[in-house]
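Colleague: Could you take me through the sheet in this model, and what packs around it? I'd enjoy a close look, strand by strand.

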Amino acid sequence: LGGGEYLDTLLDEIETETGLTLPDDIGTVFGDSAALAVSSDFDPDAFFESADGSDVPVALKVDGDPEEIEAVLEKLRDQFPSDETVLFGTDSEGDTVVIGPNEDYRQQVLEDGDLGDSDVFQDVVREVDDASAVFFVNVDEIEKAIADALGDGDGEFLGVEQAAVGVRL
């Protein structure tokens with residue numbers, strides 16, 4: 001967005017409209033670390049057809065201050081009618097907060113996962129402990145969704161034994 005007067009004006013307008021304090025509140029919501037989780041059961045059709053999002057298995061897992069995170073989320077919730085705040089549902093344990101629309105999936109994400117122990121993850125994303133950001137998609141886990149999206153198109157690209165994409169920053 002550049003900087004200077006334009007950026008300051010834009011941030012002021014966003015703060016006025018949302019009640020957020022930028023960029024501080026964004027930093028609070030993402031805490032010390034954050035991971036976006038999308039279930040292997042994610043169905044793009046169901047996502048677009050969902051009435052309120054409560055059945056969508058997507059969540060943001062954040063390590064941070066739960067009280068501060070909740071305070072920022074409350075500012076966001078205040079911007080919507082109460083029946084539309086399902087996106088900002090939370091569950092927490094200790095310093096971990098999981099934000100997302102699906103209560104069952106939030107509980108699942110709140111548990112300690114084993115992605116780091118996966119051979120596919122370790123093979124694709126090396127030296128993860130030194131990374132400041134990681135993007136990982138195990139294509140095998142979403143192969144059916146990809147095949148459905150391709151329809152009668154070229155399925156050749158699905159002929160790989162195992163596929164994953166990883167980026168370490």
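Modeller: Happily! In this predicted model, the sheet is an open one built from 4 strands, arranged in the order E1-E2-E4-E3 with antiparallel pairing. Strand E1 (33–38) and strand E3 (90–93) are the edge strands, each pairing on one side only. From one strand to the next, the twist averages 20°.

Let's go across the pairings. E1 and E2 run antiparallel and are joined by 6 bridges; in this pairing Ala 34 stands opposite Val 62 of E2. Strand E2 (residues 58–63) also pairs with strand E4 (residues 96–99), again in the antiparallel sense, over 4 bridges. Two positions help you find your way along that pairing: Lys 61 has Val 98 in E4 as its bridge partner, and Asp 63 stands opposite Thr 96 in E4.

Now for the helices that pack on the sheet. Helix H4 (residues 66–77) touches E2, E3 and E4, and its direction makes about 20° with that of E4. Helix H5 (residues 103–110) packs on the sheet too, touching E1, E2, E3 and E4, with its direction at about 25° to that of E3.

The side chains tell the next part of the story. In soluble globular proteins, nonpolar side chains tend to be buried together. Here the largest nonpolar core has 12 residues in all: Leu 20, Leu 22, Val 29, Leu 60, Val 62, Ile 69, Val 72, Leu 73, Leu 76, Phe 88, Val 97 and Ile 99. E2, H4 and E4 each supply at least two residues of this core, and H4 gives the most, with 4 residues. If you want one side chain to centre your view on, try Ile 69: leaving aside residues up to four places away in sequence, Ile 69 touches Thr 28, Val 29, Val 62, Gly 64, Val 97 and Ile 99. Another core, of 6 residues, lies apart from the largest one, and includes Ala 37, Ala 59, Tyr 105 and Val 109.

Val 72, a member of the largest core, also leads us to helix H2 (residues 24–30), where Ile 26 has its place. The C-alpha atoms of Ile 26 and Val 72 are separated by 8.4 Å, although the two residues are 46 apart along the chain. Ile 26 counts as partly exposed because its relative accessibility is 43%, and a core residue has to be buried, with under 20% relative accessible area.

While you have the viewer open, have a look at the aromatic rings as well. A search of the whole structure finds 3 aromatic pairs. One of them is Phe 42 with Phe 47, a tilted pair at 5.7 Å centre to centre and 45° between the planes. Phe 47 and Phe 48 have ring centres 4.9 Å apart and planes at 75°, so this pair is edge-to-face. Ring pairs link Phe 42, Phe 47 and Phe 48 into a cluster. Within that cluster, Phe 42 is partly exposed at 24% relative accessibility, Phe 47 is partly exposed at 39%, and Phe 48 is exposed, with a relative accessible area of 68%.

Finally, a word on confidence. The chain averages a pLDDT of 82, and 81% of the residues score at least 70. Over residues 157–162, pLDDT stays under 50, and the model has 9 contacts beyond four places in sequence for that stretch.

Definitions and conventions. Residues numbered from 1 in each chain as written. Predicted model: local features only at pLDDT ≥ 70, side-chain atom pairs only at ≥ 80, totals over all residues. Heavy atoms only, no water. pLDDT = per-residue confidence, 0-100. Contact = heavy atoms within 4.5 Å. Pairing = 2+ DSSP bridges. Axes fitted to C-alpha atoms, helices over the stretch in contact; angles between N-to-C directions. Core = buried A, V, L, I, M, F, W, Y, C linked by side-chain atoms within 4.5 Å. Buried < 20%, exposed > 50% of the residue type's maximum accessible area, 1.4 Å probe, protein only. Phe/Tyr/Trp six-rings, centres within 6.5 Å; stacked < 30°, edge-to-face > 60°.
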